[in-house]
Every structure is written in structure tokens, then in C-alpha cells.
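Work through the exercises below with the structure open. Try each task before reading its solution.

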Amino acid sequence: MKLIFEKGNINRRLDLMPECDVPVVDVDERYKRKKEIRLPNVSETEISRHYTKLSKRTFGVNNGFYPLGSCTMKYNPKINDEIAKLPGFSDVHPLQPEHTVQGCLEVYKLAEEYLCEITGMDAMDFQPAAGAHGEFTGLKLIRAYHRDRNDTKRDKIIVPDSAHGTNPASAAMAGFTVINLPSTEEGFVDVDALRKVVGEDTAGFMLTNPNTIGLFEEHILEITSIIHEAGGLNYYDGANLNAIMGIARPGDMGFDVVHLNLHKTFSTPHGGGGPGSGPVGCKMHLTQYLPTPRIAEKDGMLTFEEKNGKSIGRVKDFYGNFLVVVRALTYMMTLGSEGLKNASENAVLNANYMLHMLKDTFDIPFGKGRCMHEFVISLEKLKKEKSVSALDFAKSLLDYEIHPPTMYFPLIVHEALMVEPTETETKETLDEVIAIYKELYDKAYTDPDSMHNSPATTPVGRPDEVAAARNPILRFF
Amino acid sequence: MSKEFLFTKTHEWVQFLDDTTARIGISDYAQSELGDLVFINLPEEGDEVIVGESFADVESVKAVSNVYSPVTGTVKSINKNLLDQPELVNMDAMDAWFVEVEGISDKGDLLSEEEYKKLIAE
């Protein structure tokens, strides 16, 4: 398929811009563009066909089953978009006077209130643009807290070896040294090992709960108290919140800071469609360090409050990805507190149903036949016996028009496939998928070569990932 | 160089050139588990390396992994070829040394080739 720059004709123009209806201002010569701007020279028909064609080559949750573990690719209800499209939300400018956008500010206020209730936090800030950005912001809060107390020797963040790669990366970005904590054979935090590594240099501990194996940390209260007793703070990565909404709260488990992924748990667009949103919540003792401006109520009006001497400062221009927050709030208000709880219960039920139906065929090394909202298959045996790797299995799924699960994560499971069906799939879909997984397992023994060569039906089969990583071409011009 | 290779449980090899100088790389098993390497991050000459601590990292299409030092000493030289051609490690891991360390004052528990083979067979 041609790129849009390879199409069209140099003399073709598409003038969609209205005539200028404000006085033209001339700018200094040095700010003026020297070269002609490079835009595709295509007609509206060509644009429409180009993007329609592209859309047919993509695969989203509207196309089919999309169990990308740890990503919570749930269906995003269309009502979210309907509400976000309302002119009062979409036709506003971030520099508009505050008294004209009171409704928008109220969206933030309400979303903060609900998310605090769900997580057990005292405040929530919507500036971070995505999950890793939220992690960075949350870690900055931890840093500010220790510095403010003149506790400057705390420079270590402890991260379990099953963590998302963003956890150690964010900790390093925020200026900490990362201590890697091995998991137990059962896939949990090793409490004894944790006791040994904590000390006067412990700034904090990062954890997802349920963890990346899809298990709820049984000793969570003991774990968070070990960190608190050592003088550190507990950071909750909200990647797996979809398993526990309305059932358990990070705030009650002893966490001081959380980040959420609205694009995972709260059904807002995800991946290429985004943008994401990674709000950061914290307990009272950290609120003074949150980014500014914060929304506050003053004389019956909502306003952006800039003044805050101890704030870590801005982490994004304006106030985060507003329309994403509108969608998340719509989702929460549509479901209500009972609905959110049901969503989590069904997410866990769906994952356990799949696990139960697959566990006699596949090796599922952790959890003893139970899981929370996701589970991890190991194809190590298949790789050894038939050279069919997790990648081959994932690629083969594409020919059945279902999206593969997350591969090769978490790192503590070899040849891992991490399956998160979410609550928005029906039993019929799950049964279909279970049958396909089993069929492919048999095929790996009877016809492994076909799996090495799959997929056969997709527009792109096996891109050269190594060449792409070694010599990436990142732009057309 | 006919000196024997010794191994760590974390899949590095070390080859002593004399009592206090050695070359370090990763094992063939390590490269095959990692898959095609796309990037290698090496220390600088003169950096200190410490037994059991990470001194380099390797990135494959799958993941980034730390490389742990089997010895304590000072980096005498690095294999600059690996920076542009990480695939050299996939082609011959035992030949593609990462660093040469001098002034070695300590070493970890090292396995013989036979013991290492037993470990990875498990």
C-alpha cells in the first residue's frame, strides 16, 4: 500500500481552510518558513479512500477478540464518544475565561471524586498524559516528600522482577536507583527478600496488585507495612485495577500514591487511537506536592489554583487530556458503583473461565488453576519439543481473525502468553477462542511448519523486527 | 588464547588472560534465549566493575537484560565493534567479548564449562 505522500499530484490542492476573518499580522522575517511546507497533494476523495483502506488493515476491539494482557482492551461504549462530542466539551479553548468553562472544571472535580472513592486516595490529578507519565509524576511526589523532610539519603526504589518495564524505567528517569526484587516460586513478592533490602535508603516500592502474573498479593498489608516501617512510600501501578474496582482499594492496602490508566480500566480509546490519560492519586500527606494548577472552589466558582510552594510543578501543558477524562467520567456514571463492581467481577470470571478451559491443554505455571483478571500461559515445552515459540503461536492466531495476547511478558515466565479477556466478551466468544487455542496447540504437534510461516491472510505477515529495531526509518522525508 | 572459559549462574563467561586480567562476555545459551540483539550498552574504559553488579545491558527484540560482572576490577578496554554490530554476539557469543578488565581484586562463584552445561540442561 502506498503512503499518502506517494499519492496525488504536485499541482493538486485541497483548500479546506476558511478565508481569514481576522487582521493579518506580519511576523519577523526570521520566524518565517524558508521552505515550502511538505503536505500530501491529494484530493478529498483520495484522502477518504486512503484512510478507509488503512482502517481496513488495522485491528481493534471493534473488529474482534483482543485479549492483550495487562492492557485491558475492553470495549469502549459509544456513549462515551457521544458525550465527549457535546459542543460544551469539544468546542472550548484551554485559555478561555474560567467562568465560561465551569462545566468542564466540574468534570474534573467529579472524576476526581469518583476515582478517589474507587482507589481510596485523597486527591487525584489529571495532568499526566499516560501511564508511564503518571509513574514519573508519582515518583516525583515521593522524591518531593523525602526531600521536604530533609531525608535526602533515600534514593532507592524497589521493583519486583515481574513488574512492567516502565516501573524501573520511570524510577530511573525520576533520578532513583532501582533495586530488582526476585519473586517467589509462586509468583508473589518475596516478603523475606523484601525485608532484607529495605533500609534507610529506601525511597519507595512499586507494585501492581493484582500482580503481572494475574494474582492478588496475599501478603499485601505486610508488604506495605515493611516499606512504611523502613520510612519508604508505596506506589500502586494501576495497570491491573480492572480486577478490583468496588472490591478492594489501593488506599486500604497501604499505598500512598497510585496512577491509573483511564485508557485501560475506564474504557477510553487506547493504543494508536488514544490519547491516553494517567491520572495520579495520592494520600493527604502528599497532596501539597501535586502538580499545579489544581482545581479549587472559590466564592462558589471552580478555578485553577496556581499557588503552591511545594508543588513539583507542571508536568503537562494546560490540564491533561480533557476529553479522555470526559469519556472516563461518562463510563463511571453510566455504570455506577454497582456496575463498576460488576465489571470487575465479570473480568475476573471471564479470565477464570478461559483459564479453567485451557489449563488441561496448556502449561499455566502460576496460580494453581485460579487467577484474577488475567493469566499467563508458558509455551516453553512447545518451543523445546516442536520449536513452536510464543511468537509463532501469536502469529498463527492472526489467521483466525483474533488478536494475539501479550507475548514474552512478564519476563519471569518463559515463552509467555498473557491473556486478559476483559468483562466485555460473551461466553460464546470465549468458547470460540478456547476452541481455536486448543486447535492451534494440536497443530503445533501435527504441522509445526505452518505455524512458523503464519500468518497467511493478513496484509503484513512477519515484518523484520530485528532490522526495524537496528535501522529504524522513522519518517518519510 | 587457549585459556579456559568460566561461567556465572547469570550466563556470563569470563576468560582469564592472566591472574588479574580477564575478558567477559555472555554465553551462547544467553544469546540464544535473548534472540537477535539490537543494541548493546557498554561501560567506559576506566569504569569500575563489581562482582554481581550490572556493568552492561543488552537489548533484543523481546527485552532488555542486564549483564552482571563476574569479577571486580577496572575496565581496560571495551569491544567497540559490538556497539555498531550487536549481531556479532548472536553469531559467536564466545568470541564476542564485551570488556577486558584489569586489576582484578575479587571474583564471584564461577562454574567450569561442564558445571555450566549441567546448569542450563536443568
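The exercises cover confidence, helices, one proline and the chain contact.

**Exercise 1. Confidence**

Find how the predictor scores the complex and chain B.

Solution. Start with the kind of model: it is predicted. Next, take the scores for the complex: the ipTM is 0.71 and the pTM is 0.88. Then turn to chain B, which averages a pLDDT of 93. In chain B, 98% of the residues score at least 70.

**Exercise 2. Two helices, length and cover**

Check the length of helix α1 (residues 44–57) of chain A against 1.5 Å a residue. Do likewise for helix α5 (residues 131–148) of chain A. How many residues of each helix are buried?

Solution. Begin with α1(A). It has 14 residues, so the expected span is 20 Å. The end C-alpha atoms are 20 Å apart, in agreement. Now count burial, with the cut-off at 20 or more other C-beta atoms within 10 Å. The count for α1(A) is zero, so this helix is hardly covered.

Move to α5(A). Its 18 residues should span 26 Å, and the distance from first to last C-alpha is close to that, at 26 Å. Here 14 of the 18 residues are buried, and α5(A) is mostly covered. Look just past the helix: N150(A) has a positive phi of about 60°.

**Exercise 3. A helix crossing**

Describe how helix α11 (residues 322–358) of chain A meets helix α14 (residues 427–446) of chain A.

Solution. First, the geometry. The two axes come within 10 Å and cross at roughly 35°. The crossing is right-handed. Second, the residues. α11(A) brings N350(A), Y353(A), M354(A), M357(A) and L358(A). α14(A) brings L430(A), I434(A) and Y437(A). Third, the chemistry. Seven of these contact residues are nonpolar, one is polar and none is charged.

**Exercise 4. One proline**

Is P405(A) buried or exposed? Which residues does it contact beyond its sequence neighbours?

Solution. Locate P405(A) in the loop between α13 (390–398) and β11 (406–407) of chain A. Count neighbours: 28 C-beta atoms lie inside 10 Å, so P405(A) is buried. Set aside residues within four places in sequence. The contacts are then P67(A), L68(A), G69(A), L417(A), M418(A) and V419(A). Finally, take E420(A), 15 residues away along the chain: its C-alpha is 7.4 Å from that of P405(A).

**Exercise 5. Between the chains**

How many residues of each chain take part in the contact of chain B with chain A?

Solution. Five residues of chain B contact six residues of chain A. Sort the chain B side: three are nonpolar, none is polar and two are charged.

Technical notes. Residues numbered from 1 in each chain as written. Chains lettered and ligands numbered in written order. Predicted model: local features only at pLDDT ≥ 70, side-chain atom pairs only at ≥ 80, totals over all residues. Helix = DSSP H or I, 4+ residues; strand = E, 2+ residues; numbered from the N terminus. Expected span 1.5 Å × (residues − 1). Buried ≥ 20, exposed ≤ 12 C-beta atoms within 10 Å, placed from the backbone. Axes fitted to C-alpha atoms, helices over the stretch in contact; angles between N-to-C directions. Left-handed = near helix turned anticlockwise from the far one by under 90°. Contact = placed C-beta atoms within 7 Å. Nonpolar A, V, L, I, M, F, W, Y, C, P; charged D, E, K, R; others polar. pLDDT = per-residue confidence, 0-100.
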